[in-house]
Amino acid sequence: ECSSSLFFDDQSKFQESFIKVVSSDQWKERLDLSTPDITGSNTILNTRLALARMAKQPTIEGSMWLNIGKAARKGGLYQVAEHSLTRANASFCKLMKASMGNALPSLARESIGNIKLQVAKLKHDIGESITALKLIEDDIPASIFLMDEKQLNSYVSSRTADESGEAVARRILQATEWMGCDGIKSSSEIKDRYETVLKLAPRWDKAHFNYAKFLDSLFETRKKQMTDKTKEEYNNMSERQKQEVDPRAVDVRIIGALVEYLLDSVKHYGIALQLGQKHCYQALPRMLAMWLEFTSLGTEDDNIKDDSGQNAHLKEYQELMNKAIEDFASEIPEHLFYTALPQLLSRVVHNNVETSANVALILRNVIAKYPHQSLWSCGWLRFSKSEEKKKAGVEIFLGAMTMLRKSDRDMLDTSQTLFRFLISIAAFVPKTNNSCVKMKNPKFETEL
């Protein structure tokens, strides 16, 4: 307090100013530029810890110790991490005593859960897996995985003095990931745990992404099991029976049996992309691949033998898949789809009409949002040797142009002249062996 009075007239003014600085983006950005030494010490963090003590802010002090511990654990400095997390826990215990039964601030409740999670991760990193699992779920009852949303909300509200629902969700998700990797729980139990996490934190992109990966892995594993079993049955058939087997009908039957895993996986990949872009390069290509491959099944030849009505069910599920993608086309930011332009352009002509329409919709939205950037990736469509692709390209660009202001519309229209010029240069063959040729540059009606 004596030191703080050198800078401010009274302690309350110092606290107010300090809290304002800590909540700013600059405070966090500067720390990202700093690096700890070999002992895990960081001069900037040490100075900020001293300021937090001067301002009598145990929440801020505890959060800083938590950040130090987290960075040290990731860097393999386990002793430093253990010391820092212990100090963080002490800061929040001090705050709990000072609260005298009153509700803790949301930041404090969130940090308490994060400390438990980081300590468990530390134990797991040093090989104490069983201890890590006990720490992470020690006070979480097994019945929580059977609760509906109303019961979960009641459970979380009864724990408000300890930690938030999202903090509980983070601990359960981490334990679920470890259990899945180690094969401790069955797939049905893992599925129940993921669904509980999503009820606790419905707007957490990582939870949706991890659940989508889990469903995706279930789909691929069971698909392989069914395929291997089918191959074994095929090998035991007579030659006459083998001739009656249509491989495409077999694929349709296998996918049809697992289609719910496929649809749910695509759904949660899409929701993860709506909520954040952290998993863009893992979730988006996989979501698009699952969609494009699934909707291509059974559509090339409607004369496939189908005694069980499997094709009808397949088409119904394909319609559901395309409806979901159509919704995601407007809900997922265009700059994420921009990263997948090559994948989308490769299937601009698809044997499923609805899929082709969705691909065109996504490309149209991307071009309308980023006309100058996407032009170079998509412009060739209007000059493709394939008449189908050429027609699709013209329609996509015309659709995008209706969504743009006049200057950008003119730019896309004029760009055709540029592409023709570039194509003529690529195809040009000089008549002599001269090392240079004279060329007349085209005139553009609009500046590109």
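A nonpolar patch of about 570 Å² sits on the surface of this predicted model, and its members are W376, L422, I425, F428, V437 and M439. One of them, V437, is found in the segment that follows helix α22 (406-427). Is V437 buried, exposed or partly exposed? With a relative accessible area of 43%, V437 is partly exposed, because the partly exposed class runs between 20% and 50%.

**The whole chain**

Stepping back from the patch, the protein is built with 22 helices and 0 strands. It has 448 residues, and 42% of them count as buried. Its accessible surface comes to about 25,700 Å², with 52% of that belonging to carbon and sulfur atoms. If you look at contacts between residues at least 6 apart in sequence, 68% of them join residues at least 24 apart.

**The nonpolar cores**

In soluble globular proteins, nonpolar side chains tend to be buried together. Here, the largest nonpolar core has 88 residues, and L284, M287 and W291 have the most contacts inside it. Which helix gives the largest share of this core? That is helix α15 (residues 280-294), which supplies 9 residues. Apart from this core lies another one of 17 residues, including L49, M64, L66 and F92.

The buried residues of α15 are C280, A283, L284, M287, L288, A289, M290, W291, L292 and F294. Helix α9 can be viewed in the same way: its buried residues include G165, A167, V168, A169 and R171, and further along I172, L173, Q174, A175, T176, W178 and M179 are buried too. Just after α9, G183 takes a positive phi of about 70 degrees.

Here are the spans of these two helices, from first C-alpha to last:

| Helix | Length | Span | Expected at 1.5 Å a residue |
|---|---|---|---|
| α9 | 18 residues | 26 Å | 26 Å |
| α15 | 15 residues | 21 Å | 21 Å |

For α9, the span is close to the expected value, and α15 likewise comes close to its own expected value.

**Around W291 and N358**

What does W291 touch, once residues up to four places away in sequence are set aside? Its partners are M321, N322, I325, L344, T355, N358, V359 and I362. One of these, N358, lies in helix α19 (residues 353-369). N358 has a relative accessibility of 5%, so it counts as buried, the limit being under 20%. Leaving aside neighbours within four places in sequence, N358 is in contact with W291, N322, I325 and E326. N322 and I325 therefore appear among the contacts of W291 and also among those of N358.

**Two more residues to look at**

D408 is found in helix α22. Why does D408 count as buried? Its relative accessible area is 9%, and buried means under 20%, so D408 falls in that class. Not counting residues up to four places away in sequence, D408 touches P371 and H372.

K391 lies in helix α21 (residues 387-401). K391 counts as exposed because its relative accessibility is 56%, and exposed means over 50%. Along the chain, K391 and V349 are 42 residues apart, while their C-alpha atoms are separated by 9.8 Å.

Key
Residues numbered from 1 in each chain as written. Predicted model: local features only at pLDDT ≥ 70, side-chain atom pairs only at ≥ 80, totals over all residues. Heavy atoms only, no water. Core = buried A, V, L, I, M, F, W, Y, C linked by side-chain atoms within 4.5 Å. Buried < 20%, exposed > 50% of the residue type's maximum accessible area, 1.4 Å probe, protein only. Helix = DSSP H or I, 4+ residues; strand = E, 2+ residues; numbered from the N terminus. Contact = heavy atoms within 4.5 Å. Patch = residues over 30% accessible without salt bridge, like charges linked within 9 Å, V, L, I, M, F, W, Y side chains within 5 Å. Areas by Shrake-Rupley, 256 points an atom, 1.4 Å probe, with all protein chains shown as cover. Salt bridge = Lys/Arg side-chain N within 4 Å of Asp/Glu carboxyl O. Expected span 1.5 Å × (residues − 1).
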